[in-house]
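Please examine the sequence and the model below before reading on. The paragraphs that follow lead from the overall strand arrangement to individual residues.

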Amino acid sequence: MNNKKSRFSFRLKFSEFLLIILLMLSSVSLAFKSGSFVINLKNVGFSILSSIEKGVNFCVNGVTNTVNSVGELRKLKKEYDELVIKLEKFEQMQRSNVDIRKENERLKEQLDFVSSIEEKNIPAQIISRDLDNNYSYLTINKGSINGIKKNMPVVAFQNGNQGLVGKIVQVGTFTSQVIPIYNINNMVSTRIQNTRDLGLVSGLGSQDQPLILQYIRKRVLPELNYGDIIVTSGENDNYKRDIPVGTISKIETISYNSSLYIEILPIIDFSRLENVVVINPKELKEIQ
């Protein structure tokens, strides 16, 4: 009895399942015949393909825009680098032009100065310096082949002023040695320009130290002023007369000394000196 009931229920369930399958097949068949199912598939396919195409197009555009942006950045960087190089060249050109103008001004100044000297002279350039504290010397690029002789005075024109540099002490074929006025072994016979008092100027061995004017009597003190010009005396064929040497920068009286202690600031700034003129005081220039 129980076996019959279980068989019946199984058959009943199978029949229901079969009925459902048949109903589904009938629905599909009816849909195909009416065309509605085909239309739905087309719509679904179109939507899917459109979405895919839109996504692909977005990605392609994104990649293209990125590539184009990178290309533009490279182009801009290249143009920027070229502009930087051009700017550097322009700045260098400006500096060069400024240097050339300054050099031309210096050369013109030197040429005018050389032309104004009545005596024969030889322009020269300093090529080395012996910076010994006590025995400093300058070497110039002119020698005996250029007419340089021992004891010729050496002058310079700087910042609109003529000033004494020193004298020739050694002559080579192509170079010569100058003992500057700040060398302790160089004694220059000088006068105070406004009082005409005679004295001796000597150096302390360094271009950074003042010169010392000796043998000026104390009674002259009221007539002296800071800034008074000291010039060469021209005596004993020492130097050409009235070449400016320096200006008074300090005056002191010393109780045990009958002379004043006077410091002189050189006319020439030796630390910036480049060009000099060697003068032959015994020969005048030929008039052209």
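How many strands make up the closed barrel, and in what order do they run? The model, which is a predicted one, contains a closed barrel of 6 strands in the order 6-7-8-11-10-9, and the pairing is antiparallel. From one strand to the next, the twist averages 40°.

Strand 6 offers a convenient point of entry to this barrel. Strand 6 comprises residues 188-192, and its pairing can be followed on two sides. With strand 7, residues 198-202, strand 6 pairs in the antiparallel sense over 4 bridges. With strand 9, residues 229-232, strand 6 is joined by 3 bridges, and these two strands likewise run antiparallel.

Individual residues show how these pairings are laid out. Ser-189 of strand 6 stands opposite Leu-200 in strand 7. Arg-191 has a partner in each neighbouring strand: in strand 7 Arg-191 stands opposite Leu-198, and in strand 9 its bridge partner is Val-231. The connection between strand 6 and strand 7 is a hairpin with 5 residues between the strands, and within this hairpin Arg-196 takes a positive phi near 65°.

Is strand 6 mostly covered or mostly open? Strand 6 is mostly covered, with 5 of its 5 residues buried. The burial extends to both faces of the strand. Val-188, Thr-190 and Ile-192 are buried on one side, while Ser-189 and Arg-191 are buried on the other. Arg-191 thus combines a buried position with the pairing to Leu-198 and Val-231 described above.

The next topic is aromatic contact. A search of the whole structure finds 1 aromatic pair. Tyr-182 and Phe-270 form this pair in an edge-to-face arrangement, with 4.9 Å centre to centre and 80° between the planes. Why does the pair tie together parts that are 88 residues apart in sequence? Tyr-182 lies in the loop between strand 5 (176-180) and strand 6, whereas Phe-270 lies in the loop between strand 11 (260-266) and strand 12 (275-284), so the contact links parts separated by that distance along the chain.

Both rings belong to buried residues. Tyr-182 counts as buried because its relative accessibility is 3%, a value under the 20% cut-off. Phe-270, with a relative accessible area of 2%, is also buried.

Conventions:
Residues numbered from 1 in each chain as written. Predicted model: local features only at pLDDT ≥ 70, side-chain atom pairs only at ≥ 80, totals over all residues. Heavy atoms only, no water. Buried < 20%, exposed > 50% of the residue type's maximum accessible area, 1.4 Å probe, protein only. Pairing = 2+ DSSP bridges. Phe/Tyr/Trp six-rings, centres within 6.5 Å; stacked < 30°, edge-to-face > 60°. Axes fitted to C-alpha atoms, helices over the stretch in contact; angles between N-to-C directions.
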